[in-house]
Amino acid sequence: MLRLILPLMIAMAVSTGDAVAEPWKKLLAPAELAALIESSPVAVIDIRSPKSYAAGHVAGALNAPFRSWRGPRENPGLRLSDDRLTERLQSLRIGPGTPVVGTYSGTSATGFGAAARVYWTLKSAGLSEIAILNGGMKSWQAAGLSLSTEPVRAERSDARFTLSDEWLITREGVRAVLDEKRQTILLDARPVDFYRGLRKSPLAKRAGTLPGARSLEHTTWFTASKTEMAPPARVIEQIGRASCRERV
């Protein structure tokens, strides 16, 4: 799934360099999210565990743990079915035009990856005003902003959703790349040891990477905090390096 969300992470990072007049930003600093909540209706979705959510969250945020956005335990990278997608979004009172901001723990780069997966799901469901709190709840607290312990419940929406294939590549699509029938750069965003086959996820059948893939570890995109996206210039530089890197 990291390969799937990588283009979205690139787009979100580059967007931070846009003019202040931009109507909707894809990455929000804590102060920007606080101002947005005050000025307009927005659905804030907290993807942390129920325990973490109960300990303190952005006032008004709804809890939607990350596990509910993933596939089955034996293959969590699978996309949600349209029925599960609809159930998930209806339970959060999300409709096609609902502005949504996702929050996460902010304690590791992996947490941002989870938020990016949710972003990808919402984008593929047809939503257009979607953002992530840059740095997650760790940055929110570091900015001295208040937390709420009041649970929030939402009335259900009646919208129906279908997950678009526009931001998705199938096994057949990857096979076409490997067979040189489709011109695409394959980027492996996993840790370098996974890429080199020195270790693997318990869910992976074999160690290693796809033939011809280039390594661009997902931690590349972050600042020293390891949870806040780096400035656009650094992201663009890393993209250029990956494009020129020799494949394996």
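## A tour from the sheet to the cores

Begin by selecting β4 and β5, which run parallel and are joined by three bridges; keep in mind throughout that the model is predicted. If you pick out Val100, you will find that its bridge partner in β5 is Ile130. Now follow the chain from β4 through α5 to β5, a β-α-β crossover that is right-handed.

Next, widen the selection to the whole sheet, which is open and made of five strands in the order β1-β5-β4-β2-β3, with parallel pairing. At the edges stand β1 (27–28) and β3 (62–63), and because each has a single partner strand, one side of each is left without a neighbour in the sheet. Add helix α5 (residues 109–124), which packs on the sheet and touches β1, β4 (100–103) and β5 (130–133), while its direction makes about 170° with that of β5.

Stay with β4 and turn on its side chains: Val100 and Gly102 point one way, Val101 and Thr103 point the other way, and all are buried. This fits a broader pattern, for in a regular strand the side chains alternate between the two faces of the sheet.

Move on to β2 (residues 43–46), which pairs with β3 in the parallel sense over two bridges and is joined to β4, also in parallel, by four bridges. Which residue of β4 stands opposite Ile45? It is Gly102, whereas in β3 the bridge partner of Ile45 is Leu62. Leaving aside residues up to four places away in sequence, Ile45 touches Leu62, Ala64, Trp69, Leu92, Ile94, Val100, Val101, Gly102 and Thr103.

Ile45 also leads you into the largest nonpolar core, where, of its 37 residues, Ile45, Ile47 and Trp69 touch the most other members. The elements giving two or more residues to this core are β2, α4 (82–91), α5 and β5, and the largest share, nine residues, comes from α5. Apart from this core lies another, of 14 residues, including Leu28, Val42, Ala131 and Leu133.

Finally, select helix α2 (residues 30–39), in which Pro30, Leu33 and Leu36 are buried. Looking down the axis of α2, you can see that its buried residues fall within an arc of 125°, so they line one face of the helix. Among the elements that cover these buried residues are β1, β2, β4, β5 and α6 (136–142). Turn the view to the face of α2 that is directed away from its buried side, and there you will find the exposed residues Ala31, Glu38 and Ser39.

Terms used
Residues are numbered from 1 along each chain as its sequence is written. This is a predicted model: local features need pLDDT of at least 70, side-chain atom pairs count only at pLDDT 80 or more; totals for chains, interfaces and linings use all residues. Side-chain values use heavy atoms; hydrogens and water are left out. Two strands pair if DSSP finds at least two bridges between them. Contact means heavy atoms within 4.5 Å. Axes are lines fitted to C-alpha atoms, for helices over the stretch in contact, and angles run from 0 to 180 degrees between N-to-C directions. Buried means under 20% relative accessible area, exposed over 50%, partly exposed in between (1.4 Å probe, protein chains only). The arc is that of the directions from the helix axis to the C-beta atoms. A nonpolar core is a set of buried Ala, Val, Leu, Ile, Met, Phe, Trp, Tyr and Cys residues joined through side-chain atoms within 4.5 Å. A crossover is right-handed if, with the strands pointing away from the viewer, the path from the first strand over the helix to the second runs clockwise.
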